[in-house]
Amino acid sequence: MIAVLGLVVGVVVGLVVRPVVPSGFEPYLPIAVVAALDAVFGGLRAMLDGIFDDKVFVVSFLSNVVVAALIVFLGDKLGVGAQLSTGVVVVLGIRIFSNAAAIRRHVFRA
Amino acid sequence: MSSGREPGMTEEHHHHRHEPKHERHEHRHDHKHDGRAPQEPAGPAAEPEDEAAGASAGPAAAQDKAPAVTGRQRLKAGLWPPRLTRAQLIVALLLFVLGLGLAIQVRTTSDNGTLRGARQEDLVRILTELDNRSQRLQDEKRGLESQRSELETSSDQAAEALKQTRQKARELGVLAGTEAAQGPGITLTITDPHGGVESDSLLDTVQELRAAGAEAIQINNVRVVAGTYFTDSGSGVRIDGHQVAQPYVVKVIGNPPDLEPALNIPGGVVQTLEKEQATADVVRSQKITVDALRPQKQPDYARSSQ
């Protein structure tokens, strides 16, 4: 419950306060958000499976974000940033879908 | 949150944390169980189970009770009642960060299009396009400016030409008698009580004045121009068909030192008029106004050949 509240508060604060993101970090923000979403879905699935572990969640969340941003950063340096970010989004999207399917099986039993 | 249940929660939480493998195993059990009996009662909701797990806190107890714990019940238990545990707080913090990032990203994307999130190469491309565009616009601006200055000078020329044409039209109007004229000149007043002055005397006077350089002539209120004709009538003279009676006041614009002697020369206009028992009086003036006008006539057939 508090976690959900945290999400809501984060969205509200982001919309109200309008913080300025450092321009160097800006290109990686969307990828980082998608990676974090993947981690969150994975965590939700683990919770429903009963194997949720906050340490695992924290590590997976942070590493997902960092690795995704790193891949895009590397792609930018190599000149294939657009393709690599597309690849990252596709992979994370597949993971999100499979996790969502597991969550759906738990919640709706279907 | 009830304080009485707090230790139980913590216990359960610890249990979850320290024995994930066991939990996974138990989960598999859960699935099988579900498969065999899908109508497993979800009734004894989260609370008894939590308490049970809290009380026993042992692997065996968990295994006993676990099959009843479905994902849905875990979700329910996680959502309500809210518990202030470390895991919840950490997850809340991370989700807060996620929400923040989401909101920022959504806002920047909707705020100023693709520019903010664009990568370097895209920005370079956009910048190049903008440069090209501004170059094109600069060219266009230069072309338009030269066109404008051209138009301005040409309109200046046109205005100048118009001014000159008007000036010329005024000068020609003075000659043609369609414009009033003003300038130095003389006033010749012919008083003729006996009616001795006839049209030929007036014509001689006009010819003499013209020869002396008169530029605009008016007799009484009739303008004298190139085509003016004089006819005799019973009581006086007709000029261009207008009856003119004595005294004849001839207003002449020209150079007074030229005009006056031309009239006064021996055997000239004044002496001839005096022979006719008329008196001629010449007065110089620096400001003679010739304001009798002739109607402007458009030629019916003649057109400018230019």
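Contact here means heavy atoms within 4.5 Å. Keep that in mind for the tour of this predicted model.

**Stop 1: chain B as a whole**

Select chain B. Among its contacts with a separation of 6 or more, 76% join residues 24 or more positions apart. Now colour chain B by secondary structure. You should find ten helices and eight strands. Chain B has 306 residues, and 33% of them count as buried.

**Stop 2: the strands**

Select strand β1 of chain B, residues 181-191. Which strand do ten bridges join to β1(B)? It is β8 of chain B, residues 279-290, and the two run antiparallel. For a marker on this pair, pick B:Thr191. Its bridge partner in β8(B) is B:Thr279.

Stay on β1(B) and add strand β7 of chain B, residues 248-253. These two pair over six bridges, again in the antiparallel sense. Pick B:Ile186 as the marker here. Opposite B:Ile186, in β7(B), stands B:Val252.

Next, keep β7(B) and select strand β2 of chain B, residues 216-219. Four bridges join β2(B) to β7(B), and the strands run antiparallel. Try B:Gln218 as the marker. B:Lys251 is its bridge partner in β7(B). So far, then, β7(B) has appeared with β1(B) and with β2(B).

**Stop 3: where chain B meets chain A**

Show both chains. How many residues does each chain bring to the contact? Chain B gives 45 residues, and chain A gives 45 residues. The area buried between chain B and chain A is about 4,100 Å². Carbon and sulfur atoms give 67% of that area.

Select B:Leu94, B:Arg107 and B:Arg119. Together they supply 15% of the area that chain B buries against chain A, more than any other three residues.

Now select four helices of chain B: α1 (6-18), α2 (20-36), α5 (71-79) and α6 (86-111). Each supplies at least two residues of the side that touches chain A. Which element gives the most to this side? It is α6(B), with 20 residues.

Colour this side of chain B by residue type. The residues divide into 21 nonpolar, twelve polar and twelve charged.

**Stop 4: a search across the interface**

Look for salt bridges between chain B and chain A. The count is zero. Then look for polar contacts across the interface. Zero residue pairs are found, with both residues required to be at pLDDT 80 or more.

How values were computed:
Residues are numbered from 1 along each chain as its sequence is written. Chains are lettered from A and ligands numbered from 1 in the order in which they are written. This is a predicted model: local features need pLDDT of at least 70, side-chain atom pairs count only at pLDDT 80 or more; totals for chains, interfaces and linings use all residues. Side-chain values use heavy atoms; hydrogens and water are left out. Buried area is the accessible area (1.4 Å probe) that two parts lose on being put together, summed over both. A salt bridge is a side-chain nitrogen of Lys or Arg within 4 Å of a carboxyl oxygen of Asp or Glu. A polar contact is a pair of N or O atoms within 3.5 Å; within protein, one must be able to donate a hydrogen and the other to accept it, and residues adjacent in sequence count only if both atoms are side-chain atoms. Ala, Val, Leu, Ile, Met, Phe, Trp, Tyr, Cys and Pro count as nonpolar, Asp, Glu, Lys and Arg as charged, and the others, Gly among them, as polar. Two strands pair if DSSP finds at least two bridges between them. Buried means under 20% relative accessible area, exposed over 50%, partly exposed in between (1.4 Å probe, protein chains only).
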